[in-house]
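The following exercises concern strand pairing, burial and salt bridges. Please inspect the structure before working through each solution.

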Amino acid sequence: MKTFNIEDIHDSRMEEAIRFKINDLTKPKGSLGRLEELAAQICLIQRTLSPVLSHPYNILFAGDHGIVEENVSVSPKEITWQQMYNFLEGGAGINFLCRQHGFKLMLVDSGVDYDLPYEKGIINMKVRRGTRNFLHEAAITAEEMDLCLERGALCVEKAYKEGCNIVSFGEMGIANTSASSEWMSYFAHIPLQECVGAGAGLDKPGITHKYKVLKQAQENFSGEHTAEEIICRFGGYEMVMAVGGMLKAAELRMIILVDGFIMSNCILAASQLYPEVMQYAIFGHQGDENGHKRLLEAMHVSPLLHLNLRLGEGSGSVCAFPIVDSAVRMVNEMDTFSHASITKYF
């Protein structure tokens, strides 16, 4: 399996210098709350007291899922490729957000069951035309998992070479909330029923059916249940490429903006392979999908926003970018007590 070299960001000397600088800014100590926490994290990631955010990217991976055959989604499978055309034409939710906040959008075919117009800018990294049905067998093979990790890492390297140091990840794949619910249940040790939600809009009977299918899939899953086995049994190609991208971003000491339910499960999966990856993550929002709040609590992380979003695509993490930008501006642009000749008032 592809390996990564991810460093622990903690450095006692650096942490002391960061605390001194933030506490010397012209404000009561701690009065800018989460902005101070974010600034400290970013300074540690970049190993500097003067951090910068440059060339932000949203990398959107797309792939189809075999489990869709079990009617676990209200949306038909063709929505995956149709939305890829919409992304390409600039008409989707993530498009206006990327335009608003200055993100470059990278579209990647990880495993869509359709021949997309690659000549128009979609990156062709298709592993297969959709995963296998995990009710009956592993969704992906070990070899495909390694290929996905490699290709996700390559996408991040491409962005990094263009000057990117902060990256958001998005996804498109009908039925990928089913795959995510399985990962959540196994990796966060949460009962499956608390992990299963409406996805794109299932009603109560639909959610009940979805739960029964996913529960049966767990019962059909034999083996040692290692992290690699769980990833392969239930994962999507787009999800595992996101895992590879996150791990590569951490290796390159980039800031990782984490989107909603699916991407939160992707970084959870990534942390099963390399726990240090979590130190590079900023969680953009708490989504409206049943289980996301529970998942964030299980990971002991606090999201920046709660806007009842459940779109995916990277929408919530891109929405949160201005708050991250504010944290960086705080540490770089505020004056200090000593320089401004102001008596410290704390």
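**Exercise 1.** How many bridges join strand E1 to E4, and do they run parallel or antiparallel?

*Solution.* In this predicted model, E1 (residues 57-63) and E4 are joined by six bridges and run parallel. Within this pairing, Ile-59 lies opposite Phe-169 of E4. E4 also has three bridges to strand E5 (residues 255-258), again in parallel orientation. Here the bridge partner of Ser-168 is Leu-257.

**Exercise 2.** Determine which residues of E4 point each way, and whether they are buried or exposed.

*Solution.* Side chains in a regular strand alternate between the two faces of the sheet. In E4, Ile-166, Ser-168, Gly-170 and Met-172 point one way, while Val-167, Phe-169 and Glu-171 point the other way. Seven of the seven residues of E4 (residues 166-172) are buried.

**Exercise 3.** Locate the partners of the salt bridge between Glu-162 and Lys-104, and classify their exposure.

*Solution.* The two side chains meet at 3.3 Å, N to O. The pair links distant parts of the chain, 58 residues apart: Glu-162 is in the loop between helix H5 and E4, and Lys-104 is in strand E2. Partly exposed residues fall between 20% and 50% relative accessible area. Glu-162, at 33%, is therefore partly exposed, and Lys-104, at 44%, is likewise partly exposed.

**Exercise 4.** Where do Arg-329 and Glu-333 lie, and how many residues apart are they?

*Solution.* Both lie in helix H13 (residues 321-333), four residues apart, about one turn of the helix. Their side chains form a salt bridge of 3.1 Å, N to O. Arg-329 is partly exposed at 44% relative accessibility, whereas Glu-333 is exposed at 55%.

Key: Residues numbered from 1 in each chain as written. Predicted model: local features only at pLDDT ≥ 70, side-chain atom pairs only at ≥ 80, totals over all residues. Heavy atoms only, no water. Buried < 20%, exposed > 50% of the residue type's maximum accessible area, 1.4 Å probe, protein only. Helix = DSSP H or I, 4+ residues; strand = E, 2+ residues; numbered from the N terminus. Pairing = 2+ DSSP bridges. Salt bridge = Lys/Arg side-chain N within 4 Å of Asp/Glu carboxyl O.
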